[in-house]
Amino acid sequence: MTIKTVGIIGGGQLARMLALAGIPLGYKFIFLDTYAECPAGDLGEVILAQYDDQEKLIELANRCDVLTFDFENVPASALNEIVKQVSFHPSAEALKTAQDRLSEKTLFQELGISTPEFLNIESNDDIEKAKDFPFPAILKTRRFGYDGKGQVRISSSTELIEAWNELGNTACLLEGFVKFDFEVSQVAVRDVKGNIEFYPLTENRHENGILIESNAPYVNSVLESLAQTFTKNLLEHFDYVGVLAIEFFVNGNSLIINEMAPRVHNSGHWTIEGTLSSQFENHIRAITGLPLGDTFAICKAKMINCLGEMPNREESLKDASAHYHDYAKEPRPGRKVGHITYLSKL
Ligand code: AMP
């Protein structure tokens with residue numbers, strides 16, 4: 001089948017950058033979003049709907065040749081019908097697993113990937129069981145957490161009940177606090193034939209749970225080889241098609257997994273200018289059945305997230321190495337509204 005139209009559930013900045021990469025390949029884009037003025041709206045039609053609106057999801061499926069999504073919190077149950085009607089990548093199974101920190105961490109352990117210690121917290125009995133848990137720790141909601149939201153740091157078991165109340169007594173995961181040297185992420189892509197390309201590792205800096213800066217490529221052959229093995233295991237487990245991002249804590253020569261994102265990722269934005277084929281282009285290539293593009297770095301890149309509001313464009317571009325990305329979002333404190341990537345020679 002010749003693919004003409006790509007549908008994306010979600011019309012945020014990731015959908016916007018996917019379309020910016022996919023339009024030159026000759027594809028049209030349709031987005032489903034709750035907001036008509038969403039960042040991707042400049043690049044294609046937006047079907048206005050809630051993400052669990054079956055009728056609108058089916059309309060999107062009927063009008064597109066392949067579907068993907070730009071954020072994890074698409075209700076997996078809403079996808080049951082549409083996956084029967086249209087090719088849907090990455091698999092709904094990967095999405096479902098990533099939506100629940102408990103299923104995600106359980107799978108990581110099954111695949112032999114080191115995780116922080118964790119304990120499921122769903123009841124007062126579980127709180128009781130946590131008495132022997134090694135603190136300090138972080139209590140995280142199992143679902144719907146992003147950018148550090150839905151997380152409370154706790155230093156001892158006596159603070160646990162208060163933290164659980166603060167999170168609305170919803171199902172949570174108690175995670176041991178990892179003393180890490182720094183954080184890296186591995187972005188990789190797998191095509192429909194099972195070929196895999198890995199991007200170089202990216203070193204990431206977070207503040208209050210939000211990514212603020214990425215530097216790449218981070219070169220360390222021991223960590224690269226570990227990250228690639230873990231990522232390959234996950235890609236093959238899901239028979240995955242598209243881009244997958246994995247976040248790790250680095251401790252000496254070992255990697256402890258934090259989480260996976262079954263989509264293009266903020267820590268991969270530097271690949272737009274910094275590699276031969278960006279994560280966005282390769283995601284579109286993979287899901288539309290095209291051969292993958294090379295993922296090697298052609299320069300060094302520093303990506304800075306713009307939070308709250310965009311810095312002045314003229315001022316920013318006085319640095320000739322800067323690449324300015326405005327997501328066309330309304331300014332709001334703490335909101336990711338864009339990023340700037342600075343390039344330098346390898
Ligand atoms: P998350 O939303 O789970 O990716 O967490 C956001 C950020 O919070 C991570 O990138 C880390 O900087 C920090 N963080 C999350 N979990 C842990 C942990 N178990 N130990 C130490 N730091 C953590």
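**Group meeting: a walk through a predicted model**

I would like to start with one residue on the surface, D239, which counts as exposed because its relative accessibility is 52%. The place of D239 is in the loop between α8, residues 221-237, and β14, and although D239 is not a glycine, its phi is positive, at about 50 degrees. Please keep in mind throughout that what we are looking at is a predicted model.

There is a second residue of this kind to set beside D239. A328, which is also not a glycine, has a positive phi near 60 degrees, and its place is in the loop between β17, residues 322-326, and β18, residues 336-344. With a relative accessibility of 39%, A328 counts as partly exposed. As background for anyone checking backbone geometry, most residues other than glycine have a negative phi, and most peptide bonds are trans.

That brings me to the peptide bonds that are cis. One of them joins H89 and P90, with omega at about -10 degrees, and P90 lies in the loop between β5, residues 87-88, and α4, residues 92-98. Another runs from F135 to P136, where omega is near 5 degrees, and P136 is likewise placed in a loop, the one between α6, residues 124-129, and β7, residues 137-141.

Let me now step back to the whole chain. The protein has 11 helices and 18 strands. Its radius of gyration is 20 Å, close to the 20 Å that the globule rule gives for 346 residues, so the protein is as compact as a globular protein of that length. Along the principal axes, the C-alpha trace spans about 60 × 50 × 40 Å. Buried residues account for 53% of the 346 residues, while the area that the protein exposes comes to about 15,400 Å², with carbon and sulfur atoms supplying 48% of it. If we take the contacts between residues at least 6 apart in sequence, 60% of them join residues at least 24 apart.

What sits inside? In soluble globular proteins, nonpolar side chains tend to be buried together. Here the largest nonpolar core has 28 residues, and those with the most contacts inside it are V6, I8, F29, F31 and F280. At least two residues of this core come from each of β1 (5-9), α1 (13-22), β2 (28-33), β10 (182-190), β14 (242-251) and α10 (279-287), and among these contributions that of α1 is the most, at 6 residues. Because domain 1, residues 5-88, and domain 3, residues 182-344, both give residues to this core, it lies between them.

F280 is worth a closer look on the screen. Leaving aside its neighbours within four places in sequence, F280 is in contact with L14, M17, L18, A21, V264, H269 and I272. Apart from the core that holds F280 there is another core, of 26 residues, and its members include A98, V184, Y218 and M260.

Two buried residues make useful examples of how segments meet. M303 lies in strand β16, residues 300-307, and counts as buried because its relative accessibility is 0%. Not counting residues up to four places away in sequence, M303 touches L211, I212, E213, S214, N266, H269, W270, H339, I340 and T341. For one of these, W270, we can also give a backbone distance: the C-alpha atoms of M303 and W270 are separated by 5.8 Å, with their positions 33 residues apart along the chain.

The other example is a lysine. Is K105 buried or exposed? At 0% relative accessibility, K105 counts as buried. K105 lies in helix α5, residues 101-110, and, with residues up to four places away in sequence left out, it touches T115, P116, F118, L173, E175 and N258.

Finally, the cysteines. How many disulfides does a search of the whole structure find? The search finds 0. For C38, the closest cysteine sulfur is that of C64, and at 14 Å the two are too far apart for a bond. C299 is in no disulfide either, and the nearest cysteine sulfur to it, that of C306, is 18 Å away. Both C38 and C299 count as buried, C38 because its relative accessibility is 4% and C299 because its relative accessible area is 10%.

Definitions and conventions
Residues numbered from 1 in each chain as written. Predicted model: local features only at pLDDT ≥ 70, side-chain atom pairs only at ≥ 80, totals over all residues. Heavy atoms only, no water. Helix = DSSP H or I, 4+ residues; strand = E, 2+ residues; numbered from the N terminus. Buried < 20%, exposed > 50% of the residue type's maximum accessible area, 1.4 Å probe, protein only. Contact = heavy atoms within 4.5 Å. Disulfide = S-S within 2.5 Å. Core = buried A, V, L, I, M, F, W, Y, C linked by side-chain atoms within 4.5 Å. Domains from an automatic or database assignment. Rg over C-alpha atoms; globule rule 2.2 N^0.38 Å. Areas by Shrake-Rupley, 256 points an atom, 1.4 Å probe, with all protein chains shown as cover.
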